[in-house]
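Me: I should like to understand how the descriptive terms for a protein model are justified. May I put some questions to you about the structure shown here?

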Protein chains: 2
Amino acid sequence: MGEDWFCSVPNEALHGEFLHDVMELVLKEAVFAGTQRKNPVVRWHDPDHLCDLLNLTPAEKPATHAELLRVIHDTITFSVKTGHPYFINQLFSSVDPYGLAGQWVTDALNPSVYTYEVAPVFTLMEAAVLEEMCHMVGFPFGDGLFCPGGSFANGTAINLARFKYFPDIKRDGLGCAPKLVLFASEDCHYSVQKMAALLGLGEQNVCLVQTDKAGRMDPLHLESQVQRITAIGGAPFMVVATAGTTVLGAFDPLPAIADVCTKYKLWFHVDAAWGGGILFSPMHRHKLTGLDRADSVVWNPHKLLAAPQQCSVLLVRHPEIIKACHACNATYLFQKDKFYDVSFDSGDKYLQCGRKADVFKFWLMWKAKGSLGFEHHVNALMDCASYIKTALQQRPHFKLVLEPEFINVCFWYVPPSLQGLQEQPDFNEKLHKVAPHMKELMMRKGTMMISYQPLQNLPNFFRFVVQNSGVTHQDVDYFLDELDHLGADL
Amino acid sequence: MGEDWFCSVPNEALHGEFLHDVMELVLKEAVFAGTQRKNPVVRWHDPDHLCDLLNLTPAEKPATHAELLRVIHDTITFSVKTGHPYFINQLFSSVDPYGLAGQWVTDALNPSVYTYEVAPVFTLMEAAVLEEMCHMVGFPFGDGLFCPGGSFANGTAINLARFKYFPDIKRDGLGCAPKLVLFASEDCHYSVQKMAALLGLGEQNVCLVQTDKAGRMDPLHLESQVQRITAIGGAPFMVVATAGTTVLGAFDPLPAIADVCTKYKLWFHVDAAWGGGILFSPMHRHKLTGLDRADSVVWNPHKLLAAPQQCSVLLVRHPEIIKACHACNATYLFQKDKFYDVSFDSGDKYLQCGRKADVFKFWLMWKAKGSLGFEHHVNALMDCASYIKTALQQRPHFKLVLEPEFINVCFWYVPPSLQGLQEQPDFNEKLHKVAPHMKELMMRKGTMMISYQPLQNLPNFFRFVVQNSGVTHQDVDYFLDELDHLGADL
């Protein structure tokens, strides 16, 4: 060990071989082997057992490169392969090769995107990507923010909406403000309530609007709720519509909601974290008709477009509101006597100070595939969802929860032992236990990962969500066959 | 182009060579060449010119691998090398080789740390690292959260403090609450006000406490402000002390502030984003005496310890408050009928939903160097700061702003033309323009990056902050020589 073994600087003689070895290991085990169909999605161990297998407690003494390669190997071995075609457990999946390359470059450059002087390329790149995304959404003079996930992006939108109508709250707090209320459907993402609590508005001042059978917000109920809240002295200021709900994948009727927002002068926010990517597809983007009437839109390229996590964008029609709401003018960072045009220093627009360059991975994917590539990607996913639906319906043990509108295909697996018992009073209770049981079986086998959940009064059901455009019809048949295997004896 | 050119799945035949080429390019240009002293820190271009050099607008058509390697090369070329020993512009620097390796692994696995089932290794790793950090801080039964930067970490602490005293605000909002006031020094990080605004408390309800000459909060003034606010009907609930202020590197007197918090029953939060890493050094950690009396602590390993961005941790003495304040129990993610112990599912503790595994890079650095390595790292930085101070004082044109207490060494460069003119009425006005001018010269030459800023009534001064333990005394001499060159003709 030389005298600079602890130094935070790379040294080719000391670290060159190690970094090459890490890269080879990562490419071989995580990127390629980890995404091959013949290999498991997960090598399951219960928490206590995995804790024993890994030695996670930080130590006093340094480790050798050989020991580090060993723990990296173990970390890869026991991690879930979220890029595996048989991982369809969340609203993210894939390891996009270009997105991954973009991450690696960003990591090595380790920028923080708050001033042009520190992050010249990424500052300009963010502006170019945000401009293009604003254009696609329909905000000709809009601006945007890269956020640490959709939850904070929704929270930021709520803060901007509040600022538009009650700018004094920034300085004075909510003490003197009326009782502000925002509206979202009962199937909205839970971050709406979480962020309402964080912002001091209170969870119960998120008024939940009823959904129709397909999980879409009912605009008539929305209007009646706005009137009701106003009548009891509340101050409606915002509606959060969802374009692609988490479980059902429903698209709220944006034009009708926009009409209500216009009529009652409410900020119209669309949480398109999940559904936003569909804008790349001329064939399918009609689902987002009316998006151009929004005041703000959350769109996460790390979901439908399979960018690596995280890449979450809040687009806003009114750039001047972002600036006025967030500006703090810290003089140690945003000096006004700089020698270049400080309008390129984006940091004062943000709630964060230090901030990763989440733009590059997405920009590089866009460069690699072009808009055309994303269009093919989205169309392939929609085609896959359509195939899933058809294939499900041809099998006796699968039952759709509802006609799918999007990538989400929700279904019950009704095992042989429950067939024909639909009329029995405890059928739902029994069905509720099937998905958790099958989930356990698939995890322990490691053959695939599909999520399940209850919704309102419905018993647990599975949700297929394929964002990996490498998933084929054959893969879908594999999923269904495997579910039939797992459920056969239940 | 094969038929799966747009797919979000890595394919060794299609992408193997490209990914290898990217890695070689990144290692050669960004990691090694980018941190060599003979190479520039930045190749400066004004924004408009750089925009012309790069073709940043997303296109319709895909690009070839050769074109992508070209744009990656350009991105590296024109980015600031924040890992270069001559980059001391921010409270982050370095490209730690182990931290970088950790990032690369994390990127390839692309986890989201909300449930054990999706991120088994990283869930356990977070718990192990948080436990050790809590132990170091002095929270024997504490817990913590990995946050997207210090600003949100401070905001989260404010939310927890508010919840402790006024739990109903989560549900009902601030409407019925008294006028809540928190206290922080006038040199606190700007995120305290920004987050107070976001949380609906209002910027002006952050009561700024005076600092002494060294930039440390005056606890007598704190107590008098608490009494004053109470007398005018405000409700004090929290004090934010800073351990390592942004500009001066001052450490607020934690024991005296803790006494005030105890006496008036206030939540005691310490923003040790910058200074926290000093806990690894038995020689220097006395600066943090009293930290163990805090209710919460922000500590960013991506600052002093040179972990890659972002790695920001909020540690909390009261784990039950985190859970109660943040829980939302979304049933699609945190099902209670899982087959493993769901107490390992950490997601419901968080404000975020999807969340990167920021733990691994730090864990791997800790593994690689041991606590001993971090101790050497911190001691080397403190030694370097001490050398900077001594070397500065031996040169006629350098003048310390104040006796440095930490890594931050703040100084004016008084060029030959201003020597001996200290008594003239426009001296400060002229001195104020020196640092911006020298900054422009160094950026255009690309030889180094040091930040400057005004503070309260002081004219612009430079701030040396070295977190790169590879920076030698010779490097310090280089900085000072170069400043003498740049300032000679001013």
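**Reasoning from values to terms**

Reply: Arg37(A) has a relative accessibility of 38% and counts as partly exposed. Please bear in mind that this is a predicted model.

Me: Why is Arg37(A) called partly exposed?

Reply: Buried requires under 20% and exposed over 50%, with partly exposed in between. The 38% of Arg37(A) falls in between, and therefore the residue is partly exposed.

Me: What makes the contact of Arg37(A) with Asp475(A) a salt bridge?

Reply: The rule asks for a side-chain nitrogen of Lys or Arg within 4 Å of a carboxyl oxygen of Asp or Glu. For Arg37(A) and Asp475(A) the N to O distance is 2.7 Å, so the pair meets the rule. The pair links distant parts of the chain, 438 residues apart: Arg37(A) lies in the loop between α1 and α2 of chain A, and Asp475(A) in helix α14 of chain A.

Me: Is Asp475(A) buried or exposed, and why?

Reply: Asp475(A) has 3% relative accessibility, which is under 20%, and so it counts as buried.

Me: Which residue of helix α14 of chain A forms a salt bridge with Lys445(A)?

Reply: The partner is Glu482(A), at 2.8 Å from N to O. Lys445(A) belongs to helix α13 of chain A, and the two residues are 37 apart along the chain. Glu482(A) has a relative accessible area of 7%, under the limit of 20%, and is therefore buried.

Me: How do you know that Glu126(B) and Arg355(B) form a salt bridge?

Reply: Their closest N and O atoms are 2.8 Å apart, which lies within 4 Å, so the pair qualifies. Both residues are buried. By this rule the count comes to 46 salt bridges over all chains.

Me: Why are β1 and β9 of chain B said to stand at the edges?

Reply: The open sheet of chain B has 5 strands in the order β1-β11-β12-β10-β9, with mixed pairing. β1 and β9 each have a single partner strand, so one side of each is left without a neighbour in the sheet.

Me: How do you know that β9(B) pairs with β10 of chain B?

Reply: Pairing requires at least two bridges, and 3 bridges join these antiparallel strands, so they pair. Within this pairing, Leu400(B) stands opposite Phe411(B).

Me: What makes both faces of strand β7 of chain A covered?

Reply: Ser296(A) and Val298(A) on one side, and Val297(A) and Trp299(A) on the other, are all buried.

Terms used
Residues are numbered from 1 along each chain as its sequence is written. Chains are lettered from A and ligands numbered from 1 in the order in which they are written. This is a predicted model: local features need pLDDT of at least 70, side-chain atom pairs count only at pLDDT 80 or more; totals for chains, interfaces and linings use all residues. Side-chain values use heavy atoms; hydrogens and water are left out. Helices (H or I, at least four residues) and strands (E, at least two) are DSSP runs, numbered from the N terminus. Buried means under 20% relative accessible area, exposed over 50%, partly exposed in between (1.4 Å probe, protein chains only).
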